[in-house]
Amino acid sequence: MPAPLEQKGSNRVILIKLGYDIVLGLPAATTIVYVLHIHPSRTGDLVVPEKFRIEPNLPVEEYLDGFGNRCGRLNAPVGNVRLLNETVIRDSGEPDACVPTEPQNDVTSLPLETLTFVLPSRYCEVDSELLDFAWSTFGSGPLGWQRVQGVCDFVHRHIRFDYMQARANRTALDTFRERVGVCRDFTHLAITLCRCLNFPARYVTGYLGDIGVTPSPDPMDFSAWFEVFLGNRWYTFDARHNARRIGRVVIGRGRDAGDVPIAMAFGRHSLEHFQVTTEQVDGVNPLSR
């Protein structure tokens, strides 16, 4: 079962300062596609508009992709390209919802728009040895929410978290076999096992700060978790932390990490600088800190 929060939600609105400073080094002129804005579902919670900018100042084409994420495309010259943003968002201060009695839908009655999230995708090989493993391991256990939680418990125990072992091409099956990875790997494996069991499951990337928990000594990063369709709505699950958390802010949703690239360059590039800010603040000049 997920570990309890070390302190409960405040039962009041909290403010979270968000932002990033990302520098890509480009040895040749390159097109970059990014998913770096707050998801449209959360823009109504912004205290101030996002202060997104690019250095050097380049023209950007912004668009909504097929999953409803706010994306952008820019054509960058040789040299360093810096992507910056800062904002403050309101949050309920409540931990993720937990409804252990929520049932699973039969595939015959799932809303049509959820069916994409039951199928295999780039990093989630539902049509692999994981299918038999999922049914032999979880098929005789509890149904609905509790079965999904069983998947999270397994993945949380099965994988060793190690930043130094991050690899962009690691799939769910690779993660299952190698038993090591970062948050996206925990998420891909959990999503795949859920899909094997006929749960619609989708990948989420966003901000997740150390609110209500002991601060991590690791540098702040974007986080990955997933959502499962149960009953008549999507619910948040997190196999990496396996705990209810406060202050998740969605940036993008998709079938897997391939659908929500933070920044994808169509050419050679290097990551020169990467800094993410996610911290609870008070209401006095929150952007002055």
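The second largest pocket of this predicted model has a volume of about 420 Å³, where a pocket is an open set of points on a 1 Å grid over the protein atoms alone, with room for a 1.4 Å probe and protein on both sides within 12 Å along at least five of seven lines, and a volume is the space filled by probe spheres set on the points, which are joined across faces, edges and corners. Of its 22 lining residues (those with an atom within 4 Å of a point), Arg-42, Asp-96, Glu-227, Thr-236 and Arg-248 are the closest to the centre. The lining divides into 6 nonpolar, 4 polar and 12 charged residues, with Asp, Glu, Lys and Arg counted as charged, Ala, Val, Leu, Ile, Met, Phe, Trp, Tyr, Cys and Pro as nonpolar, and the others, Gly among them, as polar. Strand S11 (233-237) is one of the elements that give two or more residues, and S11 gives the most, with 3; strands are DSSP runs of E of at least two residues, and helices runs of H or I of at least four, numbered from the N terminus.

The largest pocket holds about 1600 Å³ of space, and among its 48 lining residues Val-182, Cys-183, Asp-221, Phe-222 and Phe-274 are the closest to its centre. Here the lining has 29 nonpolar, 10 polar and 9 charged residues, and S14 contributes the most, with 5.

Arg-122 lies in the loop between strand S6 (79-91) and helix H1 (129-138); apart from neighbours within four places in sequence, Arg-122 is in contact (heavy atoms within 4.5 Å) with Asn-169, Thr-171 and Asp-256.

Residues are numbered from 1 along each chain as its sequence is written. Local features need pLDDT of at least 70 and side-chain atom pairs count only at pLDDT 80 or more, while totals for chains, interfaces and linings use all residues, and side-chain values use heavy atoms, with hydrogens and water left out.
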